[in-house]
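Dear colleague,

I am handing over the structure below for your consideration. My notes on what was found in it follow directly after.

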Amino acid sequence: MSRPGKHVIASAITTSGPTHLGTVEEFFFPSVITNRLREMGDDPDFIFIGDIMDAFDSVPSGVPGDLKPYLGKPLVDVPDPYGCHSSYGQHFLDDTVSFMHKLGVFPRVIPVTELYQAGRYDSYVKMFFERLPAVREILSVTSLKQLPDSWMDVVMPVCEKCGNIATTRVTGFDGEYIYYVDDKDVGYAKGCGHSGKVSISSHKWKMAWRLDWPTRQAFLGVTLEGAGKDHHTRGGSWDTAEAIHKQLFGREPPLTYRWGFVLLNGRKMSKSQGVGSLSELMKYLPPEVLKYFLLRVDIEKDKNLDDSGEGLIRLIEDFEDNLKKPRDEKKRLAIHFSNPSPSWKVRFVSLLLAYEIEGTWEGAKRRMGLDDDYLKPYVEAWVKSDKLPEEYRVVYRPKKAEGIVLQWINSLTGKESGAEASQKLRDISSTTGVPIDVAFSSVYESIIGRKSGPRLSSLIDVLGLKRIIDDLTG
Ligand SMILES: [Zn+2]
Ligand SMILES: [Zn+2]
């Protein structure tokens, strides 16, 4: 048991497929709260539960093997398609845990099967059956769906004949045995028709989700647990949990909060994103940028990720702008809890350009005066990927200056910053009447042999103004 005043922070996921960015919210937000409490001198316990008893309800794209025959069975009874874990559920729980670790999040991870096997739910199951009319009433009111008087699905038994959990229906309880018939059709699975019984002590059952949640909060002593906003709508499972705590357990529910969805290019993320979506993203975005993305807007709002090359570069630049000078208090905290590496000494885009121009990481590092390799894998991933926006594909091809380019070069001392040198070009354009776009495209042509490119000031900073002047006049 936890001592009074000590927070027990919980979170959980159904490990039904590959980890995606939406999953990250489930462990990242509670970890930020945990860290905040630690900063305030508290010593919270942070528990993360893997709901691997839940039914396997769809086969995510990219997962190998034929898993269709296992639809409707508990995730813990579905074989690991990769052969490295005891089950499908355990494999993807570990997949999520490995992403947690990459993001510096280290909760106490508990597969829910451990809680079942240890008998933690047993007395609650008995109590729910004993108080069936009250349970039925709470569920009907809080889920906005009237349950029939015959309803007694406090638990979902695992069918002894076919192994399904999604399709069984409870028909009786005698104090020790739960009687069921396996006859439901849930779309992705159909019951085999078998009737049978399972004992409470066999743990061949799981509690119905809306009862499971408050039950484990009660026996784990959870004081704080958030959830996605879908659980927090009217008729959502939080309303049920709250009522169960108050009316059946006679205790206060934990504190709660809710978060918005992560959208990918405007659409809600789901496991249908398939294998590799998050690990792919993490090739291009250092962990702190990903964390900043989740924290930079209000937690209750949806967060939309534009995962085009341009969109991701914009995100990195926004992170860097706020790292240098936070736009407001929210951004300052977002940066603080994204825990940035001290290696962000030069602009990421400048580093990309330097790599493009020098052709190697060592060259880029030397040019930018960096002394560590923290950003190397990200820069290399960008340079090698077709995600890199065309404007960042540059090769230094100096050409002898003439016309407006020569006028510009002659106006410079070589000591100007990239921004100052760009401003000089604008000034010359307005005094000579040469249109601004012509002036800029002429300069780009003289430097990189194309009519456009990355921001001129960055390009000048990376190349060095002195070198440009020498090469264009030499
Ligand atoms: Zn595995
Ligand atoms: Zn069956």
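F173 stands opposite I178, a residue of strand β6. The model in which this pair appears is a predicted one. Strand β6 covers residues 177–182 and runs antiparallel to β5, to which 5 bridges join it. Both strands belong to an open sheet of 3 strands, ordered β5-β6-β7, with antiparallel pairing. β5 (168–173) and β7 (195–199) stand at the edges of this sheet; each has a single partner strand, so one side of each is left without a neighbour in the sheet. From one strand to the next, the twist averages 35°.

A further open sheet also has 3 strands, in the order β1-β2-β3, but here the pairing is parallel. Its edge strands are β1 (8–13) and β3 (108–111), each of which pairs on one side only. The twist in this sheet averages 25° from one strand to the next. Strand β2, made up of residues 45–50, runs parallel to β1, and 6 bridges join the two. Within β2, F48 is the bridge partner of S11. As general background, strands of a sheet pair through backbone hydrogen bonds, and they may do so in either a parallel or an antiparallel manner.

I turn next to the zinc ion (ligand 1). Which protein residues are its donors? They are D80 through OD, C84 through SG, and H85 and H91 each through ND1, at 1.9 to 2.2 Å from the ion. Along the chain, these donors follow the spacing D-x3-C-H-x5-H. The site is tetrahedral, and the angles among its 4 donor atoms are 102 to 114°. Are the donors D80 and H85 buried or partly exposed? D80 has a relative accessibility of 9% and therefore counts as buried, since the cut-off for that class is under 20%. H85, by contrast, has a relative accessible area of 26% and is therefore partly exposed.

Finally, there is the nonpolar interior to report. The largest nonpolar core has 92 residues, and L21 and I447 are those with the most contacts inside it. Helix α12, spanning residues 348–358, supplies the largest share of this core, namely 8 residues. The core also draws at least three residues from each of domain 1 (8–111 + 210–259) and domain 3 (396–474). In general, nonpolar side chains tend to be buried together in soluble globular proteins.

With kind regards

Definitions and conventions:
Residues numbered from 1 in each chain as written. Chains lettered and ligands numbered in written order. Predicted model: local features only at pLDDT ≥ 70, side-chain atom pairs only at ≥ 80, totals over all residues. Heavy atoms only, no water. Donors = N, O, S within 2.8 Å, 3.2 Å for Na, K, Ca; no water. Tetrahedral: all angles 85-135°; square planar, octahedral: opposite > 155°, others 65-115°. Buried < 20%, exposed > 50% of the residue type's maximum accessible area, 1.4 Å probe, protein only. Pairing = 2+ DSSP bridges. Helix = DSSP H or I, 4+ residues; strand = E, 2+ residues; numbered from the N terminus. Axes fitted to C-alpha atoms, helices over the stretch in contact; angles between N-to-C directions. Core = buried A, V, L, I, M, F, W, Y, C linked by side-chain atoms within 4.5 Å. Domains from an automatic or database assignment.
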